[in-house]
Amino acid sequence: MTEFKKRKFTVIKKAVDTTVADFLYNYILLKRKVAKTLIDSNYISNFNCDWGTWNDAQVKNTFSIYGDTALDTLLIKVQPVMEKVTNLKLIPTYSYARIYKKGDVLERHKDRFSCEISTTLNLGGDKWPIFISENELDGECGKEGYLKSKSKGVKVDLDPGDMLIYRGNILEHWREEFKGKDCAQVFLHFNNKATKDSEKNKYDGRIHLGLPAGMKGYVQ
């Protein structure tokens with residue numbers, strides 16, 4: 001709790017049991033295979049994100065999935081430990097996962113409001129460090145005025161089941177070129193309940209967890 005308050009990030013080793021991490025690693029590998037088969041068979045379009053997509057604007061041609069039911073369940077399961085470590089009451093927004101491939105680079109960036117309190121959790125594959133800045137940067141994600149820093153950052157290595165908790169919307173983070181075959185990471189995002197408009201942003205604008213991005217703003 002002290003480290004997160006001071007540095008705005010901290011690492012939790014074995015936050016998720018390795019057997020659970022391995023199950024979800026194999027689950028998302030199979031999810032990618034299913035999505036490819038459905039697209040190749042013209043059963044669904046590559047623009048149908050419900051099964052996952054290769055249209056992620058941040059990391060080109062890399063499989064990603066928003067709001068997967070199993071991963072949104074994980075979002076809820078890690079909430080207690082994240083609240084304990086951050087000493088904050090949290091509101092869940094969404095999960096997002098990628099299976100990175102050789103040659104991928106995650107450019108320096110900050111995240112949007114829904115990623116105010118975030119974690120990246122290693123599910124499996126080849127290890128790939130993430131770098132995070134130690135200082136808060138001025139300017140908002142996607143807004144004019146955000147200038148990328150030249151900070152060397154702090155290098156964080158995560159084993160399967162480990163997670164980095166960080167203030168995603170104020171701390172710059174990135175990954176250098178990936179040399180391995182694949183690396184599966186799931187990102188679990190929350191808002192601080194005390195932050196203005198956090199209640200309105202619950203579930204990232206969806207009715208409940210487990211729904212695709214296309215359901216944002218849907219009213220029953």
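A salt bridge, as I will use the term this morning, is a side-chain nitrogen of Lys or Arg within 4 Å of a carboxyl oxygen of Asp or Glu. With that in hand, I can begin at the start of the chain, where glutamate 3 forms a salt bridge with arginine 7, the closest N and O atoms lying 3.3 Å apart. Please keep in mind throughout that what you have in front of you is a predicted model.

Let me stay with that pair for a moment. Both glutamate 3 and arginine 7 belong to helix 1, which covers residues 2–7, and they sit four residues apart, which is about one turn of the helix. Glutamate 3 counts as partly exposed because its relative accessibility is 36%, and arginine 7, at 27% relative accessibility, counts as partly exposed as well.

Now to the sheet. Six strands form an open sheet, and if you follow the order 1-8-5-10-3-2 you will find that the pairing is antiparallel. The edges are formed by strand 1, residues 9–12, and strand 2, residues 63–66, each of which pairs on one side only. On average, and ignoring direction, neighbouring strands of this sheet are turned by 15° against each other.

As background for those new to sheets, strands pair through backbone hydrogen bonds, either parallel or antiparallel.

I would like to look at strand 3 in particular. Strand 3, residues 90–101, pairs with strand 10, residues 182–192, in the antiparallel sense over 11 bridges. To find your way along that pairing, note that isoleucine 91 stands opposite asparagine 191 in strand 10, and that tyrosine 94 has histidine 189 of strand 10 as its bridge partner. Strand 3 also pairs with strand 2, again in the antiparallel sense, over four bridges, and here serine 64 stands opposite arginine 98 in strand 3. Is strand 3 mostly covered or mostly open? Strand 3 is mostly covered, with 11 of its 12 residues buried.

Two helices meet this sheet. Helix 3, residues 69–86, lies across strands 1, 2, 3, 5, 8 and 10, and runs at about 115° to strand 3. A useful residue to pick out in helix 3 is leucine 71, which counts as buried because its relative accessibility is 2%. Leaving aside residues up to four places away in sequence, leucine 71 touches several others, including Leu24, Ile28, Ile65, Ser95 and Val186. Although leucine 71 and phenylalanine 187 are 116 residues apart along the chain, their C-alpha atoms are separated by 9.0 Å.

The other helix is helix 2, and lysine 31 in helix 2 takes us back to salt bridges. The side chains of aspartate 68 and lysine 31 meet in a salt bridge, at 3.0 Å from N to O. This pair links distant parts of the chain, since aspartate 68 lies in the loop between strand 2 and helix 3, 37 residues apart from lysine 31. Both aspartate 68 and lysine 31 are buried.

A further salt bridge joins arginine 108 to glutamate 172, with the closest N and O atoms 3.5 Å apart. Here too distant parts of the chain are linked, arginine 108 being in strand 4, residues 106–109, and glutamate 172 in the loop between strand 8 and strand 9, 64 residues apart. Glutamate 172 counts as buried because its relative accessibility is 0%. Salt bridges that share partners also join Lys13, Lys127, Asp159 and Asp162 into one network. The count for the model comes to 14 salt bridges.

Finally, the cysteines. How many disulfides are there? The count comes to zero disulfides. Why does cysteine 183 not form a bond? The closest cysteine sulfur, in cysteine 115, is 18 Å from the sulfur of cysteine 183, and this is too far for a bond; for a disulfide, the sulfur atoms would have to be within 2.5 Å. Cysteine 183 counts as buried because its relative accessibility is 0%, and cysteine 115, at 2% relative accessibility, counts as buried too.

How values were computed
Residues are numbered from 1 along each chain as its sequence is written. This is a predicted model: local features need pLDDT of at least 70, side-chain atom pairs count only at pLDDT 80 or more; totals for chains, interfaces and linings use all residues. Side-chain values use heavy atoms; hydrogens and water are left out. Two strands pair if DSSP finds at least two bridges between them. Helices (H or I, at least four residues) and strands (E, at least two) are DSSP runs, numbered from the N terminus. Axes are lines fitted to C-alpha atoms, for helices over the stretch in contact, and angles run from 0 to 180 degrees between N-to-C directions. Contact means heavy atoms within 4.5 Å. Buried means under 20% relative accessible area, exposed over 50%, partly exposed in between (1.4 Å probe, protein chains only).
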